[in-house]
Amino acid sequence: MTTLFATIGDSFERLAAVKHENDQPYPLDHCILWFTVTPQFGEPDTDAVIKNYWEDGGGQSGIDVQIPELGQAIVSMTPEQTALLEQRAYRWDLQIDDAWGRVTTISHGILVARWSPTTRTTTP
């Protein structure tokens with residue numbers, strides 16, 4: 001279980017390495033990745049606050065995979081997405097739907113949403 005921290009109203013970006021149990025990269029060809037953030041355990045994906053995805057050969061929103069063979073993805077949230085969060089702890093997971101239709105949770109944990117001590121209103 002991994003704890004992530006996001007500042008409300010800021011961009012968020014993390015590298016996610018998808019690997020087999022033997023620590024080798026998991027090729028993401030013909031796969032779908034989901035990054036989901038919910039206020040509590042057991043929420044259906046449709047009720048999640050954040051629902052980002054990447055589909056090989058298809059669309060993507062908030063997950064970028066440059067080289068599917070290496071199993072590396074960049075998971076991100078826009079400032080508009082983090083602005084939807086309240087100051088509290090959320091549950092998150094990263095799941096894969098592989099080429100054979102198997103859904104597996106790759107990683108999961110707590111996402112702590114916190115306020116920034118300042119709000120940028122000017123530029124130098």
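**Strand β7 and its surroundings**

Q: Which way do β2 and β7 run, and how many bridges join them?
A: Strand β2 (residues 12-17) and β7 run antiparallel, with 6 bridges joining them. Strands here are DSSP runs of E, at least two residues, and helices are runs of H or I, at least four residues, both numbered from the N terminus. Two strands pair if DSSP finds at least two bridges between them.

Q: Is this predicted, and what are the ground rules?
A: This is a predicted model, where local features need pLDDT of at least 70, side-chain atom pairs count only at pLDDT 80 or more, and totals for chains, interfaces and linings use all residues. Residues are numbered from 1 along each chain as its sequence is written, and side-chain values use heavy atoms, with hydrogens and water left out.

Q: OK, back to β7. What is the bridge partner of Phe12 there?
A: Phe12 has Met77 as its bridge partner in β7.

Q: And what about β6?
A: Strand β6 (residues 63-64) is also antiparallel to β7, joined by 2 bridges. Ile63 has Val75 as its partner in β7.

Q: Which residues of β7 are on the covered face?
A: In β7 (residues 72-77), Ala73, Val75 and Met77 make up the covered face, while Gln72, Ile74 and Ser76 make up the uncovered one. In a regular strand, side chains alternate between the two faces of the sheet.

Q: Zooming out, what's the order of elements?
A: The protein chain has 1 helix and 9 strands. From the N terminus they go β-β-β-β-β-β-β-α-β-β.

Q: What radius of gyration does the chain have?
A: The protein chain has 15 Å, which agrees with the value near 14 Å for a compact globule of 124 residues. That radius is taken over C-alpha atoms, and the globule rule is 2.2 Å times the number of residues to the power 0.38. Along its principal axes, the C-alpha trace spans about 45 × 35 × 25 Å.

Q: How much of it is buried?
A: Buried residues are 33% of the 124. Buried means under 20% relative accessible area, exposed over 50%, and partly exposed in between (1.4 Å probe, protein chains only).

Q: Changing topic: where is Arg114, and is it buried or exposed?
A: Arg114 sits in strand β9 (residues 103-114). Arg114 is partly exposed, at 39% relative accessible area.

Q: What does Arg114 touch?
A: Setting aside neighbours within four places in sequence, Arg114 is in contact (heavy atoms within 4.5 Å) with Phe5, Ala6, Thr7, Ile8 and Gln87. The C-alpha atoms of Arg114 and Gly9 are separated by 9.5 Å, with the two residues 105 apart along the chain.
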